[in-house]
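User: Could you take a close look at one part of this model for me? I would like a connected account of the largest pocket and the helix residues around that part of the fold.

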Amino acid sequence: MIGNLELTRTHAAHIGSSPLVSSRGVGMGQQKGLLEEAKSFDSFLAEAVDYVNGKQMASANNVEQLIVDPDSIDIHDVTTAMAEANMSLSLAQTVISRMVSSWNEITTTR
């Protein structure tokens with residue numbers, strides 16, 4: 001399962017339970033903490049890709065088992081696994097598309 005992602009709060013009006021962090025005067029220790037958070041976001045994305053890949057592989061294995069030995073697996077399990085794989089892939093594509101468009105919007109802002 002994918003872990004929770006906690007963002008750094010720099011303003012009291014922002015929603016969240018994490019403590020407030022000053023955006024000015026970031027010391028060396030705080031910079032190290034920010035770098036560790038960046039690594040955790042990287043690992044979060046890698047976990048998400050692994051999760052989607054796992055769903056795709058499970059669906060493919062179920063279909064293969066259905067072809068080889070149809071009596072050993074329920075067709076509803078195969079259909080459910082295929083729907084989960086399709087939904088997770090669609091969600092991943094949507095998130096990636098929105099991230100790319102957001103990045104393009106940020107970089108073209110003047």
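Analyst: Happy to. A pocket here is an open set of grid points where a 1.4 Å probe fits, with protein on both sides within 12 Å along at least five of seven lines, and its lining residues have an atom within 4 Å of a point. Please keep in mind that this is a predicted model.

With that in hand, the largest pocket holds about 450 Å³ of space. Its lining is made up of 17 residues, and those nearest the centre are A48, V52, S88, L91 and A92. Which helices contribute to this lining? Both α1 and α2 (75-108) do, each with at least two residues. In character, the lining divides into 14 nonpolar residues, one polar and two charged.

Now to two residues of α1, the helix that spans residues 28-68. V49 lies in this helix, and its C-alpha is 9.3 Å from that of L89, although the two residues are 40 apart in sequence. Is V49 buried or exposed? V49 counts as exposed because its relative accessibility is 56%, and the cut-off for exposed is over 50%.

S59 also belongs to α1, and here the picture is the opposite one: S59 is buried, because its relative accessible area is 10%, where buried means under 20%. Setting aside neighbours within four places in sequence, S59 is in contact with A81, M82 and A85. So α1 offers a buried residue in S59 and an exposed one in V49.

How values were computed. Residues are numbered from 1 along each chain as its sequence is written. This is a predicted model: local features need pLDDT of at least 70, side-chain atom pairs count only at pLDDT 80 or more; totals for chains, interfaces and linings use all residues. Side-chain values use heavy atoms; hydrogens and water are left out. Helices (H or I, at least four residues) and strands (E, at least two) are DSSP runs, numbered from the N terminus. Buried means under 20% relative accessible area, exposed over 50%, partly exposed in between (1.4 Å probe, protein chains only). Contact means heavy atoms within 4.5 Å. On a 1 Å grid over the protein atoms alone, a cavity is a set of points where a 1.4 Å probe fits but cannot get out, and a pocket is an open set with protein on both sides within 12 Å along at least five of seven lines; lining residues have an atom within 4 Å of a point. Grid points are joined across faces, edges and corners, and a volume is the space filled by probe spheres set on the points. Ala, Val, Leu, Ile, Met, Phe, Trp, Tyr, Cys and Pro count as nonpolar, Asp, Glu, Lys and Arg as charged, and the others, Gly among them, as polar.
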